[in-house]
Amino acid sequence: MEILQTFLLILGSLLGSLALQDLEKKTMVFPEVSNTAHVVLRPSRQTSLTSFTLCLRAYTDLNRGYSLFSYNTKKTDNELLLFKPKPNQYSLYVGGSVVTFSVADNPVPKPLWEHICVSWESSTGIVELWLNGEHLPRKGLKRGYIISPDASIVLGQEQDSFGGSFDVNQCFIGEITNVYLWERVLSPNELALVGSGARLSDYLIDWQSLNYEIKGYVVVKPSLFSF
């Protein structure tokens, strides 16, 4: 009986941290500086990527660099990474190479929710970044490249090895919500729908049906953001 109770406790703990859940109107809060706290995301299927669109919302008062979405494989560091080196800069890494977009400094001295969508296609190498519904000038990166499958996907930390080697100076502190990934480039009309909270289809990562595992001090709370 004691062995059975122990097994049930372990199973309950695993089910609590590993879940497939609808997180609509919820946010993941990363409340403190850490080199361990993160969330592991598991896509609906593992597949090579010749194009993608990634969208998420983030809320932070950090003024240093931090990772928003880290996708590493065992062969390639920064296979796909969305990183903010400065408050007014947004960097996308594909296959270890990087392009950076810059915007004007925020004149409002307070944190703001940011809706970020970034896409890439192998056939042209074109990268598109949309910030709060506004399209930034397109850039090019890794034309002809194929993003490998079997990845470790992490929110809250930047991976310097497969699933680990986190740098406390690159950790995210704040809130992340509405994380979605598709294996295609969304059209401007589709991106407008995503920005308004509408549903699309064919997700690799779907915030409203999310397979995730919390590691360390990360808390899921009702979102204070509203469309």
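**Backbone exceptions, strand pairing and helix packing in a predicted model**

N132 counts as partly exposed, with a relative accessibility of 46%. That value falls between the 20% limit for buried and the 50% limit for exposed. The model is a predicted one. N132 sits in the loop between strand 10 and strand 11 (134-135). Its phi is positive, about 50°, although N132 is not a glycine. Most residues other than glycine have a negative phi. D150 also departs from this rule: its phi is positive, about 55°, and D150 is not a glycine. The loop that holds D150 runs between strand 12 (139-140) and strand 13 (152-155). Here the relative accessibility is 52%, so D150 counts as exposed; the cut-off for exposed is over 50%.

The chain as a whole contains two helices and 17 strands. It has 227 residues, and 48% of them count as buried. The accessible surface amounts to about 11200 Å². Carbon and sulfur atoms contribute 53% of that surface. Among contacts with a separation of 6 or more, 70% link residues 24 or more positions apart. Confidence averages a pLDDT of 90 over the chain. A score of at least 70 is reached by 89% of the residues. Residues 4-17 are one stretch where pLDDT stays under 50. For this stretch, the model has three contacts beyond four places in sequence.

Strand 7 (residues 89-94) pairs on two sides of the sequence, with strand 6 and with strand 8. Strand 6 (residues 80-84) runs antiparallel to strand 7, and four bridges join the two. Within this pairing, F83 has S91 of strand 7 as its bridge partner. The connection is a hairpin of four residues. Strand 8 (residues 97-102) is also antiparallel to strand 7, joined by six bridges. Q89 faces S102 of strand 8 across that pairing. Two residues lie between strand 7 and strand 8 in their hairpin. There, G95 adopts a positive phi near 60°. Strand 7 is mostly covered, with five of its six residues buried.

Strand 9 (114-121) has partners in strand 4 and strand 10. Eight bridges link strand 9 to strand 4, in antiparallel orientation. S51 stands opposite E121 of strand 9. Strand 10 is antiparallel to strand 9 as well, through five bridges. One bridge pair is S119 with E128 of strand 10. The hairpin between strand 9 and strand 10 has four residues between the strands. Its turn includes G125, with a positive phi of about 75°. Seven of the eight residues of strand 9 are buried, so the strand is mostly covered. In a regular strand, side chains alternate between the two faces of the sheet.

Which residues of helix 2 are buried? In this helix (residues 188-195), they are E190, L191 and V194. These residues span an arc of only 100° around the axis, which places them on the same side of helix 2. The background is simple: an α-helix has 3.6 residues a turn, so residues three or four places apart point the same way. P188, N189 and A192 are exposed and lie on the face turned away from the buried side. The cover over the buried residues includes strand 4 (51-59), strand 9, strand 10 (126-131) and strand 14 (174-182). Strand 4, strand 9 and strand 10 thus recur here from the pairings above: strand 4 joins strand 9, and strand 9 joins strand 10. After helix 2 comes G197, whose phi is positive, near 95°.

Aromatic contacts add further links. The structure holds seven aromatic pairs. In one of them, the ring centres of W182 and Y203 are 5.3 Å apart, with the planes at 35°, so the pair is tilted. W182 belongs to strand 14 and Y203 to strand 15 (residues 203-206), so the pair ties together parts that are 21 residues apart in sequence. W182 is buried, at a relative accessible area of 1%. Y203 is buried too, at 10%. Elsewhere, F30, Y66 and F172 make up one aromatic cluster.

Technical notes: Residues are numbered from 1 along each chain as its sequence is written. This is a predicted model: local features need pLDDT of at least 70, side-chain atom pairs count only at pLDDT 80 or more; totals for chains, interfaces and linings use all residues. Side-chain values use heavy atoms; hydrogens and water are left out. Buried means under 20% relative accessible area, exposed over 50%, partly exposed in between (1.4 Å probe, protein chains only). The arc is that of the directions from the helix axis to the C-beta atoms. Contact means heavy atoms within 4.5 Å. Accessible areas come from the Shrake-Rupley method with a 1.4 Å probe; for residues, only the protein chains shown count as cover. Two strands pair if DSSP finds at least two bridges between them. pLDDT is the predictor's confidence in each residue, from 0 to 100. Rings of Phe, Tyr and Trp (its six-membered ring) pair if their centres lie within 6.5 Å; planes under 30 degrees apart count as stacked, over 60 as edge-to-face and the rest as tilted.
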